[in-house]
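Here is a friendly walk through a protein model, told in questions and answers. Have the structure open as you read.

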Amino acid sequence: MWDKAAGLLTANGDDLLKDSLKRARAALKIDGEVFDCGKATSAQMFRHMWVVVQQAKARRMREDIGKLIQKLSDILRVEFAYSRAGLSEESLKASVGTAYAEVFDFGAMSRILSRTSADSTLPAGRHRRIEQLLEVLKSQRFFNVSHGNDGSDSGVEPYAFMFNDCSGALAAYRERLPRAIELARTIAIAELEIDSQYNEARHDVLFAEFGEDGLDPKDLARFPDYLVCISDAHLHGAESDKLMDIFSAGLPMKVLVQTDDLYEESALGGDAHLAFGMHSKQLANMAIGLNDVYVLQASGSHLYQFRERILKGFNYAGPALFSVFSGESGNAGGLPSYLTAAAAMESRAFPAYTYDPSAGGNWAARFYLNANSQVDLDWPVQSFAYEDGNNQRVEGDVSFTLIDFIASDRRFARHFALVPRAKWNANMIPADHFVRYEAKGMPDKVPCILMVDRDNLLQKVIVDDKLIRAALRCRDAWHSLQELGGIHNSYAERLLARERVLWEEHQQQHESAVVPHTGGRFGIPGCGAFRRSRRNGTGAFARRSQDRNPSMHDVQRVHEYQQQDVRLQREQAGLHCRPCRRHLQPARPCG
């Protein structure tokens, strides 16, 4: 592709540019397949990354199985070498080769060595067991392992692990599970045999029950993961049930669900209820609710930025869901799918996030939302400049809402109305302002957005109530994600308000305790002359029977008691939420 592009650029005979491009090509050390951002991009990228991860996993497993085959074969070869058959004249001559065939008397050598040899140096049970282990290791189809000294493959066709539907992947897993259990059992026994640690009396019973309840996660993680690439349009009914069976059972499957169109027809018919991306939201929420499923949602425009998190999902020892919006709805009026996907993420219609169960034991560690633009706001705000009718530059801030995203879809044109410039008035307010204050009621205001027509002229377009309601639902869904991500967390804000009240109460108590005092003392009655009442836990202080001069140590003790009282009340309230702690600082009364 580089050479083709360079040929087109230098077709006019520009030798200097040709030389520069040649040098740049030589300096480019990365090579690989290049593909456009379109409907097939997500599947191509995920398959490529899955292959890279599985090749690394398979390489380790192939090496382990190859070493087991080699060591078990060595045990049998040694046994044969010391047996009567191995010490026969023909075997001795074959082991030496033809170069020295005339030098040695192999017949005499065989008679001498055979006097001390036995028919077999291994017990019959162990010999038979090792042969069975080798048969399983060589015939398994999970990994392509080389057997001979020349490094040739086994000739056994390995299993395929890429599927286009959940039903096929689940059926294949169930069919192969007994073989996987047999291979895991074989590897465990082979390791004991090589170390001469296998005890028939103890281990025969143990391994007879091996895998009755399936494989544990450690053994299962050694086998290849399954990759399922499926369209959201096909994930309904039985297929959706199969997907939830996969996630509920914790099977080692990575599922890519691609959404091409966020608009979903209402069950009521028509457009009485506009729904955008509800199926993908429900799917992701159900997967997150299982707690042990890795979940990643992103637009196709940002897959490269999420590459490290995608790889982490592929390396996660458990099921993973990758929900991707391609932008290929076919109704964006010629807008490239890359921009459509980016607009969906920007407008909160398809926000990006990850849920990683392996990152920690709380939401603050597991949930990541910060890849979205201006994550702390309802809608991203960007600066916008244009030239007015007097050829003057006008600048301002514009929010990009769900309504702006919908405006690019021709199917919703009837929900917008163009307003001539002569009728623009102060009652036309930006749609994001209308949504923000909608709860308070604004009957005299009309929501509108800015759009640019084919002549590159700025226009104002009013929107109907259905789009406003859709934007409200989108904003509320975004607020829920913000809560999970620890942004504008209602629990943290409630705790912060409670801490502020406590801080003000303690400050008032401290100020009321400070009165004028004479006689060379500190003027802080109670410093060192009060002790905390532990009976009621209120932080009150009782005067000691004796009085003495206060010191700086006594003042510090008063402050420490006040801080302990705050912590005690927090513990009694059961406030141990890590996202809440992240937003707070310990209450410290001044003084």
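Q: Which residues of β3 make up each of its two covered faces?
A: This is a predicted model, and in it both faces of β3 are covered. Side chains in a regular strand alternate between the two faces of the sheet. One side of β3 holds Met253, Val255, Val257 and Thr259, all buried. The other side, likewise buried, holds Lys254, Leu256 and Gln258.

Q: How many of the residues of β3 are buried?
A: A residue counts as buried when its relative accessible area is under 20%. β3 is largely enclosed by the rest of the structure, because the buried residues number seven of the seven.

Q: Which helix does the chain pass through on its way from β2 to β3?
A: β2 and β3 run parallel and are joined by six bridges. Within this pairing, Leu227 stands opposite Lys254 in β3. The β-α-β crossover between the two strands is right-handed, and the helix it passes through is α10, residues 238-249.

Q: Which residue of β7 stands opposite Leu256?
A: Strand β3 (residues 253-259) runs parallel to strand β7 (residues 320-325), and six bridges join them. Along this pairing, Val257 stands opposite Ser323. The β7 residue opposite Leu256 is Phe322.

Q: Which residue stands opposite Gln297?
A: β6 and β7 also pair in the parallel sense, over six bridges. Together with α12 they make a right-handed β-α-β unit. Opposite Gln297, in β7, stands Ser323.

Q: How many of the residues of β7 are buried?
A: Both faces of β7 are covered. On one side lie Ala320, Phe322 and Val324, and on the other Leu321, Ser323 and Phe325. The buried count for β7 is six of its six residues.

Q: What is the strand order of the open sheet of seven strands?
A: Its edge strands are β1 (162-163) and β9 (367-368), each of which pairs on one side only. The pairing in this open sheet is mixed, and the order is β1-β2-β3-β7-β6-β8-β9.

Q: At about what angle to β6 does helix α12 run?
A: Two helices are worth finding here. Helix α7 (residues 166-194) lies across β1, β2 and β3, at about 160° to β2. Helix α12 (residues 307-315) lies across β2, β3, β6, β7, β8 and β9, and its angle to β6 is about 150°.

Q: Which helix gives the largest share of the largest nonpolar core?
A: In soluble globular proteins, nonpolar side chains tend to be buried together. The largest nonpolar core here has 85 residues, and those with the most contacts inside it are Phe143, Phe247, Val295, Ile310, Phe314 and Phe322. The largest share of this core is 14 residues, and they come from helix α3.

Q: How many residues are in the other core, the one that includes Tyr263 and Leu274?
A: This core lies apart from the largest one. Phe350 and Ala407 are also among its members, and its residue count is 31.

Q: What distance separates the C-alpha atoms of Ile288 and Asp356?
A: Ile288 sits in helix α11 (residues 278-289) and, because its relative accessible area is 7%, it is buried. Leaving out residues up to four places away in sequence, Ile288 touches Val295, Tyr353, Tyr355, Trp363 and Phe367. Asp356 is 68 residues from Ile288 along the chain, yet their C-alpha atoms are separated by 9.2 Å.

Q: How many disulfides does the structure hold?
A: A disulfide is a covalent bond between the sulfur atoms of two cysteines. Cys166 is buried, with a relative accessible area of 0%, and Cys448 counts as buried at 6%. The number of disulfides in the structure is zero.

Q: Which residue of β14 stands opposite Ile429?
A: A second topic is the open sheet of four strands, with mixed pairing and the order β12-β15-β14-β13. Its edge strands are β12 (416-419) and β13 (428-430), and neighbouring strands are turned by 50° against each other on average, direction ignored. β13 runs parallel to β14 (residues 446-452), joined by three bridges. The β14 residue opposite Ile429 is Pro447.

Methods. Residues numbered from 1 in each chain as written. Predicted model: local features only at pLDDT ≥ 70, side-chain atom pairs only at ≥ 80, totals over all residues. Heavy atoms only, no water. Core = buried A, V, L, I, M, F, W, Y, C linked by side-chain atoms within 4.5 Å. Buried < 20%, exposed > 50% of the residue type's maximum accessible area, 1.4 Å probe, protein only. Pairing = 2+ DSSP bridges. Contact = heavy atoms within 4.5 Å. Axes fitted to C-alpha atoms, helices over the stretch in contact; angles between N-to-C directions. Right-handed = clockwise from strand over helix to strand, strands pointing away. Disulfide = S-S within 2.5 Å.
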